[in-house]
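Hi,

Here is the structure I said I would pass on. Have a look at it first, and then read on for what turned up.

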Amino acid sequence: MLTRLAGGRVIDPAHDRDGVGDIWIRDGRIVEAPPGNTAADASYDVSGKIVMAGGIDIHSHIAGSNVNAARLLLPERRAATGGWATFTTGCLYAKMGFTTVVEPAVAPHYALHAHLELADIPIIDKAMLAVLGNDDFLLGLMHAREGATAVRDYVAWTLATTRGLGIKVINAGGAEAFKSNVRTFSLDDVVPRYGVTSRAIVKALQQAVHELGVPHPLHVHCNNLGLAGNAETALATIAAAEGLPLHLAHLQFYGYGTEGKRGFSSAAARLAEAVNATESVTIDVGQVMFGPTVTISSDVLRQFNARNQARPRKWVIFDGDANGGGVVPYEYRVDDFYNAVQWAAGLELFLLIDNPSRVFFTTDHPNGAPFTTYPDILALLMDRDRRAEWIARLPPEAVALTTLPSIAREYTFGEIATMTRVAPARLLGLTDRGHLAPGAVADIAVYADNADRAAMFRDAALVFKDGELVVRDGDVTSIRYGRALTVRPDHDHAIARRMRGYYDDRYGISPDVMAVSDGAIGRPDPFELVPCAS
Amino acid sequence: MGDAWISGKPVTLQAACAEAARLLAASRFPLIAGLGTDMAGARAAIALARRLGAAVDHMHSAAVLKDLEVMRDAGWMVTTPGEARLRADCLLLVGTGLTSAWLELPRRLLVPATAPAGMEPGRRVVWLCPGPEVARSLAKDAHAHVEVIGGDEADLPIMLAALRARVAGRPIGKTPVPQEAIDALAGNLQAARFGVAVWSASSGIDALAIEMLCGLIKDLNANTRFSGLPLPPGDNAAGVLEACGWTSGFPMRSSLRADADAAGHDAVHDAVHDPWRFDASRLVDGGEADCVLWISAYRPAAPTWTRNVATIALTAPDARLRRPARVQIAVGRPGTDHDSIEHLAATGALGTIVAAAPSAAISVARVIADIAAALPAGV
C-alpha cells in the first residue's frame, strides 16, 4: 500500500529539511516519491500542518516491578499520574506523536516481568535498560580484580538474558551500601565489604558498554539525587566521563547549590556550562511540573531518605537482590520554595545547554511529572512569555536563586525535532528512526500549527506507526502492538556456564528462570535487534 | 478420555468453546474467578474480562488483599527471598502457615547458603508463635537452632505490639510470655545488621497484626536494617496480582471495561476496584453474577459459593465441582504439561518453569483465545 502525506511543512533536522513537501510511505517505511503522477492508495492533505518523525522518549518509567508497586500503593492517584495502566500508556504516548519509549530501570531479575508489561503497552515500540552496579556478581568481579574482559562478558550476558537495549547504573554501590546501613553515599565512597568506589563501578560499566559497541552509552543515575549541593556530584561525574560517552539521567535532580538562606539554590547554569564543555556527555532533564505525582526509583537509599516527604504519608521501600527500589508519592507545589527552584532548574538546563542534540526531553516520568505534561513543557520552551507568566506565580525568593528570568531563548520547531526525534534515535543507535528520509520506519507525527503549542503537541492531527494510521485528531483510531528493541553484543559464551554455577551456588536456581525468551511475550515478532558497532 | 464436556456429556473442544462463548455473550454480569493460571492465562483472562465487561477475582484474593490493605494504607519495607537467604543475619519467622505457603522455606532459609564475600555465615532464627505443631517439629529435627517464642497464633497481635513497644522503649502490660523474653527478642532485633521478618497472609494473622509487624520493621530501620518478606499464597496469586495491576492499575476484585468510541475502537480502558463488591462468592451468592468462568489450572480446586450459576470451568483434570459445570474443559497444569511463566517463591519474581512432563493438554491461554474467537462481533 502506498500512502502520501501531501503538502505539509516537513521538519527533519537530520537532513536539514524544513519546508513544504510530501512524505510517501510503502510497507511501513518512508520511500522516495514515486515517478510521474503515480496515485497513492491513501492520501492525506496535511497542508498547513507540521510533519515530524515520531517522538522518542529515552527515559520514562512505564513498566516493571517498581512501577507496578506504585500502582498498587496508590489506587487513588490513578488518574493524576497519567498513563497508569499499560493500555492507557500506549494510547496517551501515541496521541502526543511519540512512537518509541524506553523504560530505563529494570533489575535483571525482573526483566521478564518488565517485558510482559511492555508487551501489553499498545502502539508504541519500547525498550528497557538493565540495571547493574549494585549486584553482587559485578562487585565481586571488581573486588577480585578480574579485569575489563570479565566485566564486558557479564554485561553482554546481562543484555542478552534480559533483552535490554542498554545498561543503566543507579547510585552505583549505594544500594549495596544501604544494606550495610550506610545512609549517605557519594562518588568516591567505598562499598562496604567489596572495597570498590562508586566511581570505579561507573567507570568499569562505562568502559564495558563502550567496548562492546552498545550504541547507547552507559546511562548514569548519579549519587546524592535531590540533595542541596549535589551539583558538585554531577560535575564530578561529568568530569569522570574522561572523553568516553556517558549519559547522565534527569540532571535537574542534581542541579542544586547551597546558596540563599535555606541553603538550596539552582546550580543548573553551572551544570549547563560543564555539559556544553564536555562533548562526550549527554544528559536528559527530568523536568519538574507542578501537581501530584509519585516518585519511583531504584535508588533505594535516596527513596528511604525521602520517605518522610511522602504526600500522602505512605511509601514502599524494597531491598532487592541488587538495586531494589522505593516508591514515595509526592506533590510538587507552585508555592513551595524548593519545588519552584526545581522547576526553574530544569528549564535552565533545557535553555542553557546550547546543542539540542545533547539535552534530552524527559520528566523522568513520573518522578518530575507525568509524561502527559510534555505538551506543556514544550510550550514553555517555545514561549518566553508563557515562562514569565509562570515565574510570576513562584515564590520570589526561589526565582532569585535561578537564572531563568534572564533567559530569552525560545526553542524552534527544528530544535524540538532534534531534541525529541533525531538525537534520541542517534543516542540509542536507531538508524532508521527519528528522521524522515527514505528507508526510515514510517513513524510519523503530524501536528496542526496551533499558536497554543501545548494544545498542538497534546493532540496530534495524525500519527502513523509503521506506516499505519493510529491517531487522528488526538483520538486513537487503531490498536496494534509494537516491538521491544534490544541489543545482543558479541561475547565469550563461557560466561553462561559461569553464571549457571553462580546462580546455583547463591540462589539455588538456574539463571534460565529469569531469561526472556521470544515465546514468553505472547505476541508475534516481539523483538527487534539493534546492531552494535563491531 | 476427552477433555471437554457440556452438561457432563463429552464434546469437542470447539463445541465447548462455542458454548462458553454463547453463555458469556448472553450474560448480563459475567465473572472470571479462580484465576489459578500462569501469566499467559492471566493476561488472556484479563483481556477477555475487558472485552466482556466482566469482574475478575482470584481464589486467594482474601490473603492477597490482607497484605495489600497494609501496603496501600501505610506502605511497607520488603525484600526478596534471595536477600533473606543470603544476607539476613536475623530471621524473624512470624506465625503459622509459613511452610505451607512456601514448601521450600526450610531448605532455602533455615539451611546456611553461600554468603557473599565478607559476610559471616550463620544467623539467628526466631519463630514467633508458630503454633504447637510447628514448635514440636522444630524441636525434634535438624532445626533445633530455631528459637521459639510464644505458642498460639492468637497471641500474635499482643506479642507484636509488645515487641514494637519495647523496641521503642515504651512500657508494656501483661504478655503471654515473660517480659524478659520480649525484651531479649527486642534487643536481638535491634542488634541485627540486616534482619528479615517472614509472614504468610494465608495464615490466621490479621491485617492489623501485619500492620504492627510492618510498623516494627520501619521503626527498626531508624538505627539498623530490617525488612519484610510476605509469602504470597499459591496458584500464582502474586503473578495474577501483578497482571491486574499493570493492565488496570488495580488489584483483583475489580470490574473491567473497554468503552468503545463511535468508531468502534477501544478508546478508554476503565476499571472499578472494590474488594467487597467484586468478591466472587458474594457476586454469585448474592445473585449479581449470572455467568462464571472458573479457572483452576494448577489443581482441581472448586469454587466456594453455594448458589447455582451458569459455570464454564477450566480446570486441571479430576475437578469435582459442587454442581456440574455447564461447560467443563480440562486444561494442562502450568509448569507440568506446558512451560509456564509465573511468580516463583524462590525468587519473588516472575520466572519461567519448563514443563516437567510436556503433554498435549491445552493451556488456559489457548482455551481463552478459542472462546474469544467464538464470541460474536461487537462483544
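B:Ser296 has B:Thr315 as its bridge partner in E14(B). That pair belongs to a longer match: E13(B) and strand E14 (residues 310–315) of chain B run parallel and share six bridges. Keep in mind as you click around that this is a predicted model.

E13(B) has a second neighbour too. Strand E3 (residues 30–36) of chain B is joined to E13(B) by five bridges, again in the parallel sense. If you want a spot to find that pairing, look for B:Ala33, which sits opposite B:Trp294 in E13(B).

So how many residues of strand E13 (residues 291–296) of chain B are buried? Six of the six are, so the strand is largely enclosed by the rest of the structure. You can check this face by face: B:Cys291, B:Leu293 and B:Ile295 are buried on one side, and B:Val292, B:Trp294 and B:Ser296 are buried on the other.

Stepping back, chain B comes in two domains. Domain 1 takes in 4–60 + 236–374, while domain 2 covers 64–231. Their centres, taken over C-alpha atoms, are 35 Å apart. Where the two touch, domain 1 of chain B puts in 12 residues and domain 2 of chain B nine. On the domain 1 side of that contact you'll find seven nonpolar residues, four polar ones and one charged.

Now for the contact between the chains. Here 53 residues of chain B meet 48 residues of chain A. The chain B side is made up of 24 nonpolar, 18 polar and 11 charged residues. There is also strand pairing across the two chains: strand E16 (residues 315–319) of chain A lines up in parallel with strand E5 (residues 75–79) of chain B, over five bridges. Within that pairing, A:Ile317 is matched with B:Met77 in E5(B).

Last, chain A as a whole. It has 17 helices and 24 strands. Its radius of gyration is 22 Å, close to the 24 Å that the globule rule gives for 534 residues, so chain A is as compact as a globular protein of that length. The C-alpha trace of chain A spans about 70 × 60 × 45 Å along its principal axes. Of its 534 residues, 61% count as buried. And among contacts in chain A between residues at least 6 apart in sequence, 77% link residues at least 24 apart.

Over to you, and happy browsing!

Definitions and conventions
Residues are numbered from 1 along each chain as its sequence is written. Chains are lettered from A and ligands numbered from 1 in the order in which they are written. This is a predicted model: local features need pLDDT of at least 70, side-chain atom pairs count only at pLDDT 80 or more; totals for chains, interfaces and linings use all residues. Domain bounds come from an automatic or database domain assignment. Two residues are in contact if their C-beta atoms, placed from the backbone, lie within 7 Å. Ala, Val, Leu, Ile, Met, Phe, Trp, Tyr, Cys and Pro count as nonpolar, Asp, Glu, Lys and Arg as charged, and the others, Gly among them, as polar. Two strands pair if DSSP finds at least two bridges between them. Helices (H or I, at least four residues) and strands (E, at least two) are DSSP runs, numbered from the N terminus. A residue is buried if 20 or more other C-beta atoms lie within 10 Å of its own, exposed if 12 or fewer, and partly exposed in between; C-beta atoms are placed from the backbone. The radius of gyration is taken over C-alpha atoms; the globule rule is 2.2 Å times the number of residues to the power 0.38.
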